[in-house]
Amino acid sequence: MHACRICSNAEGNRTHGVREMYFGTREEFKYLECADCGCLQIESVPENLSQYYPEGYYSLAKPEQKKQPRLLSFLRRQRLRHYLGEKSRAGRLFTKIAGEPHFRPWVKKTQLRSDDAILDVGSGVGTRLLYLEKKGFRDLTGIDPFIEEDIRYDNGVRVFRRHVREMEGRFDFIMLHHTFEHMPDPLPTLRHLHRLLKPERCLLLRSPLTSSYAWEHYRTNWVQLDAPRHLFLHSPKSLGLLADQAGFQLKEMACDATIFQFWGSEQYALDIPLMDERSYGRDPGRSIFSEADIREFERKTAALNDENRGDQACFYLYKACEET
Ligand SMILES: [Zn+2]
């Protein structure tokens with residue numbers, strides 16, 4: 001029997017056959033479910049993984065950049081400073097007029113500061129970084145091995161064509177938005193990221209979650225299994241183990257699943273790929289779901305996130321202090 005590549009357990013593990021259903025080739029891949037740490041992992045990483053990322057999986061089109069008027073970008077920056085608890089009278093005033101900036105909860109939870117050096121790992125062409133720049137952040141770097149070449153935007157955002165372990169520098173905040181599950185070498189990657197992060201700062205890792213209703217209920221039809229592109233899917237226990245070995249402390253986890261867990265998995269159970277023309281993601285009007293179905297998915301998703309049983313989560317990993 002195969003041993004788990006995260007915790008080494010070899011007792012009671014199960015193997016599942018999972019079909020490729022994003023494009024719908026239906027090629028089957030074996031996944032191991034660890035009976036101890038709860039990690040789901042592909043048994044052997046396909047040799048030429050890139051053939052499973054054909055055009056359209058992953059957006060590499062460079063977004064168009066409109067220049068912001070200087071005054072507006074000044075006011076947005078001040079508003080951001082006010083939002084993050086830094087002193088700014090102009091920011092307080094602009095917030096009263098224009099309202100608070102819209103951010104996901106992780107921006108405040110990780111105690112970001114407006115001058116922080118931020119690294120986005122697996123950034124694509126940097127769409128998320130460009131959004132953060134528009135909101136007032138200004139030290140923004142991305143890395144992605146699959147972009148064509150390095151990109152330097154006029155507003156200062158830079159994106160390098162690079163693997164994690166080729167990256168150098170020191171960052172106040174590192175984030176991985178649904179990229180960690182695509183990496184064949186999770187522990188060396190996390191160890192390297194630990195070196196890149198400044199002490200007492202946070203690494204945000206967003207990824208699918210196996211301790212979820214969706215995995216328990218849909219099993220091999222769970223849409224976020226995404227065989228063979230997702231190589232390791234974690235539980236809080238398996239991610240905590242990895243974090244520990246890399247020198248991080250996993251302090252918190254918060255589910256942020258969407259209704260994708262329902263409509264995607266329901267479709268797979270009925271043999272409808274994500275890219276099929278009947279797919280809800282392509283055209284809700286032609287899909288198999290009624291508006292009432294979607295409302296029910298929304299209700300269930302909110303309840304599952306409250307119980308931390310949604311099918312994806314934000315993991316907050318902290319670096320304690322410098323290695324001695
Ligand atoms: Zn394990």
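Two strands count as paired here if DSSP finds at least two bridges between them. Keep that in mind for this predicted model, where S11 and S12 run antiparallel and are joined by 7 bridges. One spot to look at along that pairing is Ala254, which stands opposite Cys314 in S12.

Now turn to the other neighbour of S12. S9 and S12 also run antiparallel, and 7 bridges join them. Here Leu204 is the residue to find, standing opposite Tyr316 in S12. As for S12 itself, the strand covers residues 312–319, and 7 of its 8 residues are buried, so the rest of the structure largely encloses it.

Step back and the sheet comes into view. It is an open sheet of 8 strands with mixed pairing, and its order reads S6-S7-S5-S4-S8-S9-S12-S11. S11 and strand S6 (151–152) are the edge strands, each pairing on one side only. As a general reminder, strands of a sheet pair through backbone hydrogen bonds, either parallel or antiparallel.

What about the chain as a whole? It has 9 helices and 12 strands. Its radius of gyration is 21 Å, close to the 20 Å that the globule rule gives for 324 residues, so the chain is as compact as a globular protein of that length. Along the principal axes, the C-alpha trace spans about 60 × 55 × 40 Å. Buried residues make up 37% of the 324 residues. Of the contacts with a separation of 6 or more, 68% are between residues 24 or more positions apart.

Next, the inside. The largest nonpolar core has 64 residues, and those touching the most other members are Cys39, Ile174, Leu203 and Leu317. Take Ile174 as a way in. Leaving aside its neighbours within four places in sequence, Ile174 is in contact with Leu119, Val121, Leu193, Leu196, Leu197 and Leu203.

One of those contacts, Leu193, leads to helix H5 (residues 186–196), where Pro186, Thr189, Leu190 and Leu193 are buried. These four sit on the same side of H5, because they cover an arc of only 95 degrees around the axis. So what covers the buried residues of H5? The cover includes strand S8 (171–177), strand S9 (197–208), strand S10 (232–233), helix H7 (236–246) and strand S11 (248–255).

Further along the chain, have a look at helix H8 (residues 260–269), which holds Trp263. Is Trp263 buried or exposed? It counts as buried, because it has 23 C-beta neighbours inside 10 Å, and the cut-off for that label is 20 or more. Its contacts, leaving aside neighbours within four places in sequence, are Tyr280, Phe289 and Phe297. For a sense of scale, try His163: Trp263 and His163 are 100 residues apart in sequence and 33 Å apart in space, C-alpha to C-alpha.

Phe297 from that list of contacts brings up the last stop, helix H9 (residues 291–306). With 16 residues, H9 reaches 23 Å from its first C-alpha to its last, close to the 22 Å expected at 1.5 Å a residue. Just after H9, Asn308 takes a positive phi of about 55 degrees. From there, follow the chain on to S12 (residues 312–319), the largely enclosed strand.

Conventions
Residues are numbered from 1 along each chain as its sequence is written. This is a predicted model: local features need pLDDT of at least 70, side-chain atom pairs count only at pLDDT 80 or more; totals for chains, interfaces and linings use all residues. A nonpolar core is a set of buried Ala, Val, Leu, Ile, Met, Phe, Trp, Tyr and Cys residues joined through C-beta atoms within 7 Å. A residue is buried if 20 or more other C-beta atoms lie within 10 Å of its own, exposed if 12 or fewer, and partly exposed in between; C-beta atoms are placed from the backbone. Two residues are in contact if their C-beta atoms, placed from the backbone, lie within 7 Å. Helices (H or I, at least four residues) and strands (E, at least two) are DSSP runs, numbered from the N terminus. The arc is that of the directions from the helix axis to the C-beta atoms. The radius of gyration is taken over C-alpha atoms; the globule rule is 2.2 Å times the number of residues to the power 0.38. The expected span of a helix is 1.5 Å times one less than its number of residues.
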